[in-house]
Structure formats: C-alpha cells, structure tokens
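Reader: I am a first-year student, and I would be grateful for a close look at a single part of this model. Please take me through its surroundings step by step, and explain each term as you go.

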Amino acid sequence: MNPTTTARRPRALDEVPGWFQPVDQDLFGVLIEATGPDPGDLAEMGCYLGKSAILMGRHLGPGDVLTVCDLFGDETHGSYSRRGTLAYYRKRLTRDAFEANYLAFHEELPRIVHGRTVELAEELAEKSCRFVHIDASHQYEDVSGDIDIARRALRPHGIVALDDYRTEHVPGVAAAVWEAVFTKGLRPVCVSPAKLYATWGDPGPFQRVLRSWAAERTDRTVGEDTIDGGTVLRIAPSKLPPPRGARRVVQELLPPVVLRAVGKALP
C-alpha cells in the first residue's frame with residue numbers, strides 16, 4: 001500500500017497538499033453557484049491530490065456529476081510536459097492518495113478518468129457541464145486541446161477556470177489561453193493571481209455577482225481592466241494595513257539598519 005494512503009486523513013481543506021489559493025477557493029464557490037440552479041456537471045482536468053476537486057464536490061446538486069481526469073503519475077498513459085515533472089509526481093501523486101483525500105470529505109468518489117485529458121472528448125457529453133477546471137498539461141498543444149474540449153462540454157453560460165495563465169515557466173499555457181480569447185470566442189470574466197475565469201456566454205452576469213460578493217468582503221479587492229473592448233475584473237487578496245503596535249514588534253525583531261529603511265512605512 002502506498003504510504004500516503006496510511007497517513008492521517010485531512011480534516012480541513014488546507015491540510016490537503018496542492019496549489020489552490022484561498023482567493024481561488026472563494027472564486028470557485030461563487031462562480032459555480034452563479035452558473036444557476038439548473039443541473040449541470042463539473043469537470044476537472046488535472047486534479048493532483050484532490051484539493052480543488054474536494055471543493056468542487058461540495059457544489060454538486062442533485063443528479064450532478066463531477067468528473068476528474070489525471071495521469072496520477074502513471075507515464076504509461078502519456079508524457080508530462082517538463083523535465084523532472086514525472087519524477088516529482090511519481091513520488092507524491094497516486095490515485096490511491098487522491099481517493100483517500102477525497103473520501104475524507106465526501107461519501108462517494110467522483111467519476112475518475114485515469115488517463116490523458118484527450119479522453120474527455122469522448123467522456124464528457126456536449127453541453128453537459130456548467131464548470132470546467134483546466135490544470136493538467138503545461139504544453140501549448142495540450143492546453144489548446146483541453147480548451148476545445150471544455151468549449152464543447154460547457155453549456156452556453158458555463159465557466160472555465162484556467163490555471164497558470166500567466167506563470168513564467170509555462171508560457172505554453174498563456175499562449176493557449178489568450179489564443180482562445182482572441183480567436184475562439186472565449187470571454188474573460190475575471191482573473192486572480194493564479195487563474196483566469198472565462199465563459200463563451202455573457203460575462204456580465206458573473207461580474208455583477210462578483211462585485212456584489214466582493215462588496216461584502218474586507219479581505220478581497222476588485223479592479224477592472226478592458227481587453228478588446230470587454231471588461232475583465234481583477235480579484236486579489238486585500239493588502240491590509242499592519243496592526244496597531246506593529247512598530248514595536250518590528251523594532252524587537254529587525255536589526256537597526258533594516259529599521260532605518262522601513263521605519264517610515266510603519267504606524
């Protein structure tokens with residue numbers, strides 16, 4: 001048995017390994033719910049150890065299905081996109097580990113496609129999904145194909161979340177994402193530091209929901225930009241001012257040369 005499966009079961013989402021920032025956890029919840037009350041499936045391309053899948057599973061309605069697709073470290077199903085990536089995942093990622101983490105929060109596993117995301121072209125019915133998360137390969141050709149699969153699978157006003165849209169070490173992802181915006185009709189709704197959220201429908205209703213949601217939060221900021229005539233929201237953690245008494249704490253921790261450099265910035 002893989003040692004990961006015998007470890008203590010996570011009790012909170014933050015105890016599950018993975019790169020899923022709190023602001024994106026918020027956006028997943030808000031945007032999945034904003035797709036409306038009608039039944040609609042969810043899908044994830046690349047699930048690692050289950051952190052985002054667990055959250056997506058919390059938003060399934062009656063009759064909805066969550067489908068996840070991953071190689072789970074098994075190179076026999078295909079190739080990874082960067083040197084060293086396979087070795088990293090082989091040590092950490094197994095299907096057993098994913099299933100153990102998911103079952104720590106849900107009674108039943110999602111539908112699992114153990115293979116390359118190209119298989120979802122046959123596995124996801126046309127217009128069956130209301131939310132798709134793309135976070136698998138970092139190669140341009142793969143991501144471009146994943147976007148095409150998502151477009152076919154999403155219903156007219158569904159949401160696709162695209163990870164690593166601006167990460168410098170995976171430029172192929174950015175190339176595929178912005179190609180879809182400018183040549184495939186994809187319309188951005190918002191961006192976070194890590195993900196771009198978009199639709200092939202009207203982004204306006206989603207943006208109104210996000211503005212209303214953010215207005216009630218003190219820990220999130222909303223900015224606005226225009227791309228090709230369309231509004232795009234920027235959602236990020238708020239930069240809260242330091243607490244009262246911060247000067248005293250810093251004075252106790254930092255050497256004088258550093259204090260002189262930053263002292264004017266403290267209350």
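Author: What follows begins with one strand and moves outwards from there.

The model is a predicted one, in which local features need pLDDT of at least 70 and side-chain atom pairs count only at pLDDT 80 or more, while totals for chains, interfaces and linings use all residues. Residues are numbered from 1 along each chain as its sequence is written, and side-chain values use heavy atoms, with hydrogens and water left out.

The part to look at is strand E2, residues 66-70, where strands (E, at least two residues) and helices (H or I, at least four) are DSSP runs numbered from the N terminus. Five of the five residues of E2 are buried, so this strand is largely enclosed by the rest of the structure; buried means under 20% relative accessible area, exposed over 50% and partly exposed in between, with a 1.4 Å probe and protein chains only. In a regular strand the side chains alternate between the two faces of the sheet. In E2, Leu66, Val68 and Asp70 point one way, whereas Thr67 and Cys69 point the other way, and all are buried.

Turning to its partners, E2 runs parallel to E1, to which four bridges join it; two strands pair if DSSP finds at least two bridges between them. Within this pairing, leucine 42 stands opposite leucine 66, and methionine 45 has cysteine 69 as its bridge partner. E2 also pairs in the parallel sense with strand E3 (residues 111-114), again over four bridges, and there threonine 67 stands opposite arginine 111. The path between two of these strands can be followed too, since E1, H2 and E2 make a right-handed β-α-β unit, the term right-handed meaning that, with the strands pointing away from the viewer, the path from the first strand over the helix to the second runs clockwise.

These pairings belong to an open sheet of nine strands, in the order E3-E2-E1-E4-E5-E7-E6-E9-E8, with mixed pairing. Its edge strands are E3 and strand E8 (220-227), each of which pairs on one side only. Neighbouring strands of this sheet are turned by 20 degrees against each other on average, direction ignored, where the axes are lines fitted to C-alpha atoms (for helices over the stretch in contact) and angles run from 0 to 180 degrees between N-to-C directions. Helix H1 packs on the sheet, touching E1, E4, E5, E6, strand E7 (195-199), E8 and E9, and its direction makes about 10 degrees with that of E7.

E2 also takes part in the largest nonpolar core, a term for a set of buried Ala, Val, Leu, Ile, Met, Phe, Trp, Tyr and Cys residues joined through side-chain atoms within 4.5 Å. Of the 37 residues in this core, Leu27, Phe28, Phe98, Phe131, Cys190 and Leu210 touch the most other members. E2 is one of the elements that each supply at least two residues of this core, and others include helix H2 (51-57) and helix H4 (95-103), while H1 gives the most, with six residues. Phenylalanine 131, leaving aside its neighbours within four places in sequence, is in contact (heavy atoms within 4.5 Å) with residues including Phe28, Leu42 and Met56. Apart from this core lies another, of 30 residues, among them Val113, Ala153, Ala176 and Val232. In soluble globular proteins, nonpolar side chains tend to be buried together.
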